[in-house]
Amino acid sequence: MNDPALQQQNLPINLKKYQLVLSLTLAVEEINKNPQLLPNMTLGFEIYIAHYVETDVLENPLTWLSGKNKNSPNYTCRRDSKALAVLTGSSSTSIPIRTLLDLYKLPQFTFGSFDPLLGDHRQFDAIYQMAAKDSSLALAMVSLMVHFSWTWVGLFITEDDYGVWFLSELREEMGRNGVCFAFENTIQTNAVSDFSSDPSVYRHIMESSTNVIIIYGDSDFLLSFILKLGHFLITGKVWVMNSPYDDVTISKTYFLIDSFHAPLIFSHHRNYSGFTNFIPRANFSKNSEDISLARLWIQSIRCILIKSDCTKLGQCSYNATLDWLLGHIFDMSLSEESHNIYNAVYAVAHALHEMLFHQTEEPPAHNEQPKAILSSQLHLFLKKIQFTNPAGEQVVLNEQKKLEAEYDIVSFWNFPEGLGQRVNVGKFTPSSPHGQQLILFENLIEWPIEYIKTPQSLCTERCGPGFRKAPQETNAICCFDCTPCPENEISNATDMNQCVKCPDHHFANTERNCCLMKAESFLTYEDPLGMGLACMALCFSALTCAVLGVFVKHQDTPIVKANNRALSYLLLTSLTCCFLCSLLFLGRPHTASCILQHTTFAVVFTVAVSTVLAKTITVVLAFTLTAPGRSTRQWLVSRFPNLIIPICTLIQVTLCGLWLGISPPFVDTDAHSEHGHIIIVCNMGSPITFYCVLGYLGFLAMASFVMAFLVRNLPDTFNEAKFLTLSTLVFCSVWLSFLPVYHSAKGKVMVAVEIFSILVSSAGLLGCIFAPKCYIILMRPERNTLQRFGKRSQSGRNEP
């Protein structure tokens, strides 16, 4: 591994660059020992330092191509040089060198970060990028944000072509997953050096409400950014990056509070362990003129960890096992750039192997000399090369056929004296099924020191169950207000955009986070209200029966016989049925009860009201027949009033029959009127026929009231005219009041109103007509005589 350029210029070397040399040496050694690859041929290599100064970047390539005479380009003094390919670093050095290498048609392999500019094969047809294209890096980072519910993040990114491309990809993925930028800061690489003198970036970070910040750029940008911004004390921020920064972890000194404590780094997945086994076999002899690992330790870490006097190189032991130092000072795993170098060497070897095999299949002509190996011939095979490296990874140089890169999510555990322990805390595999691409070991993640649990990064607090997000017009979609769900709608998850309406037979609970099954609601006998109404109905029906018993017992008395005794018996019987029919409205409705409820109510009330009408007509006829000069006795004899009852009842029965024939009542449910309940009700079916039935009943009541009102001033010894007028007035008032109250009530109340109206109207008829008579029969029997009746009748006739 002689490197004259390094020795001559006496340049400082760090461990990261030495690892690149070791990976190159490892690949060459493995190929030379592999009898299946390039048999009877030995690979070699030369190493030159590429200057970063634009005026000197071509100095060493010219020395390599032309020999020591740098002033004679396009002429070589090195006849023994047989270089077939060139390995270069980042695009900043690859592009200038490419102009020179094109003259020689040399394949050029870049082991730095992928650059989309170099992907233009029409302009850079001889350049092969070994780095994987970060086509899934944006998805990987956003998947991490979604996993931890980080919706409010900041971004620092390089202002170059690749930075612009990655920002576009990141915006698309973030928009698809509801993640927003708290700020976007594009920075030129040369502007990072001003951070230490310009605290505006530091203030921008600390004043931002986000707790998660993404840093994206090449290695140079990341190292510069971290070193310069590390001069400020930044706490409470989680850093997410796109590549490791080994130099920083090696050179920094331990401090309890670190600005870039335990970042989460996305690096390309590598699983080759041969490099770990190769390092201890490297030559550590102190007499060697090679670039030894021990010299690099002394130069890089200034003997910080070796507690003896190391001012002289000979005082350090180079042949010790150094296992602990290898594990903590030197990165034993293959870095991304080292991995690219390793694959590039194998790509050259496989392409050269294929080219030689192709030449052997074409036998040379007679006396023809063997063909010389030309580097320009490799391009044809490199563009088609596809092989599997010793780690089992498939390597493809054609960018269109490359598989999407897998990412290791790496963190660094900080230890005293600047020792960073690299820890794999997760993995992202784009080819896995959706939802299984990201694997995290959260117990291995070390958060910034002020967090005792997973930090949150939100623009606004989450909307819990029972609330929905209401966007703020002037802010990003991640900033929103939390609005309670409307009535009968729920949200059972966090940060829901819309509430979900509960099904018809369910209702939302008070917290609006789940739907509950609605309970059936109907007026039952066990309900206090139903029990009270049932007791009233039974008491009134018993009272009516008692009145009927009194009338039967005193059936021969003048007051019972005075106003058609048979009609009084029929009225009392129909009132008893009216009281009892109210019981049909109690209990769970079913088809039979729905039909019986209103048809029974209509028929028995028609009998009662038509009986009242018949009694009113009886009073009118009684006084008309006793008047002088009248000859209408035959009407009373023929008992015309008794015909009114069957005629009126038959009309009502006909109407009920039409109702049941057209659209009978049926059981229905009302899931909206009462919160949390499904009201079981009887639907009237045809509303027209139902209101015809009620209208006919109202017509009979009004006719009875009008006729009773006209004869209210007749003599009242045993005359019921005034009582009939009052009873029909009460009846009409109750049912006129019932209509608006009934239509405004819901559920049990509606049924209770109907039952109460039935009871009150029936009680009004019972009380107004029969209470005065019972009072006379039971309390004032002396007034229940014919003599009393004769005196009152005579006085009535003598009145002018």
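Start by selecting helix H20, residues 640-662, and find Ile651 in it. The model on screen is a predicted one. Ile651 is partly exposed, with a relative accessible area of 39%. Add Leu643 and Ile647 to the selection: together with Ile651 they make a nonpolar surface patch of about 270 Å². On spacing in helices in general, an α-helix has 3.6 residues a turn, so residues three or four places apart point the same way.

**The whole protein**

Now zoom out. The protein has 24 helices and 22 strands. Of its 800 residues, 46% count as buried. The accessible surface comes to about 40,200 Å², and 58% of that belongs to carbon and sulfur atoms. Among contacts between residues at least 6 apart in sequence, 68% join residues at least 24 apart.

**Helix H15**

Select residues 528-553, which form helix H15. This helix has 26 residues and reaches 37 Å from its first C-alpha to its last, close to the 38 Å expected at 1.5 Å a residue. At its N-terminal end, show the side chain of Asp527, which caps the helix. A side-chain oxygen of Asp527 lies 2.9 Å from the backbone nitrogen of Leu529.

Next, colour the buried residues of H15, among them Gly530, Leu533, Ala537, Thr544 and Phe551. What do the buried residues of H15 pack against? Show helix H16 (558-561), helix H17 (565-581) and helix H23 (748-779): these are the packing partners.

**Salt bridges**

A search of the whole structure finds 9 salt bridges. Select Asp556 and Arg565 for one of them, where the closest N and O atoms are 3.6 Å apart. Asp556 is exposed, with a relative accessible area of 58%, while Arg565 is partly exposed at 28%.

Move to helix H6, residues 161-177, and select Arg176 and Glu172. Their side chains meet in a salt bridge of 2.8 Å, N to O. The two residues are 4 apart, about one turn of the helix. Glu172 is partly exposed, with a relative accessible area of 44%. Add Glu173 as well, since salt bridges that share partners join Glu172, Glu173 and Arg176 into one network.

Then select Asp495 and Arg462, whose side chains meet in a salt bridge of 2.9 Å, N to O. Asp495 lies in the loop between S16 and S17, and Arg462 in the loop between strand S13 (438-440) and strand S14 (467-471), so the pair ties together parts that are 33 residues apart in sequence. Is Asp495 buried or exposed? Its relative accessible area is 19%, and buried means under 20%, so Asp495 counts as buried. Arg462 is partly exposed at 29%.

**Loops with asparagine and aspartate**

Stay on Asp495 and look at its backbone: phi is positive, about 55°, although this residue is not a glycine. Asn488 also has a positive phi, about 65°, and is not a glycine. Find Asn488 in the loop between strand S15 (480-484) and strand S16 (489-490). Asn488 is buried, with a relative accessible area of 13%.

For the last stop, select Asn509 in the loop between strand S18 (506-508) and strand S19 (515-517). Which side chains make polar contacts with that of Asn509? The side chain of Glu511 does so at 3.2 Å, and that of Asn513 at 2.7 Å. Leaving out residues up to four places away in sequence, Asn509 touches Cys514 and Leu516. At 12% relative accessibility, Asn509 counts as buried.

Key. Residues numbered from 1 in each chain as written. Predicted model: local features only at pLDDT ≥ 70, side-chain atom pairs only at ≥ 80, totals over all residues. Heavy atoms only, no water. Patch = residues over 30% accessible without salt bridge, like charges linked within 9 Å, V, L, I, M, F, W, Y side chains within 5 Å. Areas by Shrake-Rupley, 256 points an atom, 1.4 Å probe, with all protein chains shown as cover. Salt bridge = Lys/Arg side-chain N within 4 Å of Asp/Glu carboxyl O. Buried < 20%, exposed > 50% of the residue type's maximum accessible area, 1.4 Å probe, protein only. Expected span 1.5 Å × (residues − 1). Contact = heavy atoms within 4.5 Å. Polar contact = N/O pair within 3.5 Å; in protein donor to acceptor, adjacent residues only side chain to side chain.
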